[in-house]
Amino acid sequence: MIQSKGYGAVSADAEVAGLEFSRREPDARDVVLEILFCGVCHSDLHQVRNDWGGSTYPIVPGHEIVGRVVKVGAEVTSFSVGDMAAIGCMVDSCRECSSCQDGLEQYCENAPTFTYNSPDRKGPGTTMGGYSNNIVADEAFVLKVPAGLDLAGTAPLLCAGITTYSPLKHWKVGPGQKVGVVGLGGLGHMALKLAKAFGAEVVLFTTSPDKKDDALALGASDVVISRDSDAMAAQMRTFDFILNTVSAKHDINPYLNLLKRDGAMVLVGLPSEPLPVGVFSLAAQRRTLAGSNIGGIAETQEMLDYCAEHKIVSDVEVIKIDYINTAFERMVKGDVKYRFVIDMASLK
Ligand code: NAP
Ligand code: ZN
Ligand code: ZN
């Protein structure tokens, strides 16, 4: 066993605090990382608080991990000690089902092994995430960090980056299209940067008027305050695609009416409550409402390489780990510009 220390929660109403735990002994195909940076995703908070049900405690969150390889198993071929490497939302999957065979491990029919709060396929117990000093994972689920990327700004690419890159690719967003991004948080600001890099015209929808200047600087051609019904009505039937990143219950119907005929809105935000849908808005213009979940391992590497080539990283506020409960409070208020990243050197 490997000894680890990190920050986690012992129950749904406990604060996240320092704790010690053990990880499985690495096998011949495993890589051990010393974690340098870990992004703070809203999914971490949802799961710490058991918003979605199914959280097991203690829970050590964190799935936007960048670190240095400190040990490799005898059969590892892709990594050497000293390499910079990254781990996202998954550390394993069944590798046999049709989704796994298609490189879509996130849709594994036998459930992916998520980086935390999943039964560990390779060992006893539950996986523990990146709010910690080290991690063990099979090399097949470890990503290469391209040279030249800022490491703190790279960490959020492992979830916020791939979760927005994958649907933008799948729905073929590109030049000549008008794209909406709903919510300017961790996912939203990456969606904005990536959709702009793909050549689309991007409009940001926000509930926070004070984020307008930042959105324009990040590449939006226009910013719509979503609580302003006149401003919303002015955008009626003009969008090819909308990516909705909102983390809380909200009315999605006004956005459906902004889609052109055959337009699509894809939900990546994961509020715990159901969202009512007015079917007439869908039927009237043959619109699509869909969802999307992170991205596969090969696509995550493709995204990292794309970001290196286009010099795209996340805009981050680097924090010490003992700031994490305040960071969560600020996240609930929408006060994140635009991703908290924990500097793991602060873990004593
Ligand atoms: P975040 O940084 O907190 O951003 C969420 C944004 O949503 C906020 O900044 C805010 O933007 C907007 N918002 C929050 N509450 C709202 C409300 N009541 N009404 C309208 N807008 C509201 O969160 P994140 O890390 O980007 O994650 C967003 C969601 O995606 C979470 O639910 C997370 O669990 C989920 N997620 C899903 C996947 C996936 O694979 N599908 C992957 C990662 C995360 P404005 O201030 O601009 O309005
Ligand atoms: Zn995430
Ligand atoms: Zn599978």
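This report walks through the metal sites, cysteines, ligand contacts and two helices of one structure. Keep in mind that this is a predicted model.

**Two zinc sites**

Let's start with the zinc ion (ligand 3). Its protein donors are the SG atoms of C94, C97, C100 and C108, and they lie 2.3 to 2.4 Å from the metal. The site is tetrahedral, with angles of 103 to 120° among the four donor atoms. Along the chain, these donors follow the spacing C-x2-C-x2-C-x7-C. Two of the donor residues, C94 and C97, are both buried.

The zinc ion (ligand 2) is set up with C41 (SG), H63 (NE2) and C159 (SG), which coordinate it at 2.0 to 2.2 Å. Here the spacing along the chain reads C-x21-H-x95-C. The pair C41 and H63 links distant parts of the chain: C41 sits in the loop between β3 (30-39) and α1 (42-48), while H63 sits in the loop between α1 and β4 (65-72), 22 residues apart. Both C41 and H63 are buried.

**Cysteines without disulfides**

How many disulfides does the structure hold? The count is zero. Take C38: the closest cysteine sulfur is that of C41, and at 9.7 Å the two are too far apart for a bond. For C89, the nearest cysteine sulfur belongs to C159 and is 3.6 Å away, and C89 is in no disulfide either. That distance doesn't qualify because a disulfide needs the two sulfur atoms within 2.5 Å.

Are C38 and C89 buried or exposed? C38 counts as buried, at 0% relative accessibility. C89 is buried as well, with a relative accessible area of 9%.

**Around ligand 1**

There are 28 residues around ligand 1, and those that come nearest are T206, T207, S208, K211 and R339. Backbone atoms make polar contacts with this ligand too, and the table lists three of them.

| Residue (backbone atom) | Atom of ligand 1 | Distance |
|---|---|---|
| L184 (N or O) | oxygen | 2.7 Å |
| V268 (N or O) | nitrogen | 3.0 Å |
| S292 (polar) | nitrogen | 2.9 Å |

So the L184 backbone pairs with an oxygen of ligand 1, whereas the V268 backbone pairs with a nitrogen.

**Helix α4 and its cover**

Why is helix α4 (residues 160-170) described as largely enclosed by the rest of the structure? Because nine of its eleven residues are buried. The buried ones are A160, G161, I162, T163, T164, Y165, S166, P167 and L168. Elements covering them include the helices α5 and α10 (297-309), along with the strands β13 (239-244), β14 (259-267) and β17 (339-343). After α4 comes K172, whose phi is positive, near 55°.

**G188 in helix α5**

Helix α5 spans residues 186-197 and holds G188. This glycine is buried, with a relative accessible area of 0%. Leaving aside residues up to four places away in sequence, G188 touches V181, G183 and T245. The T245 contact brings together residues that are 57 apart in sequence, with their C-alpha atoms 5.9 Å apart in space.

Key. Residues are numbered from 1 along each chain as its sequence is written. Chains are lettered from A and ligands numbered from 1 in the order in which they are written. This is a predicted model: local features need pLDDT of at least 70, side-chain atom pairs count only at pLDDT 80 or more; totals for chains, interfaces and linings use all residues. Side-chain values use heavy atoms; hydrogens and water are left out. Buried means under 20% relative accessible area, exposed over 50%, partly exposed in between (1.4 Å probe, protein chains only). Donors are N, O and S atoms within 2.8 Å of the metal (3.2 Å for Na, K and Ca); water is not among the atoms, so sites may look incomplete. Four donors count as tetrahedral if all angles lie between 85 and 135 degrees; four count as square planar and six as octahedral if opposite donors are over 155 degrees apart and all others between 65 and 115; anything else is irregular. Helices (H or I, at least four residues) and strands (E, at least two) are DSSP runs, numbered from the N terminus. Contact means heavy atoms within 4.5 Å. A residue is near a molecule or strand if one of its heavy atoms lies within 4 Å of it. A polar contact is a pair of N or O atoms within 3.5 Å; within protein, one must be able to donate a hydrogen and the other to accept it, and residues adjacent in sequence count only if both atoms are side-chain atoms.
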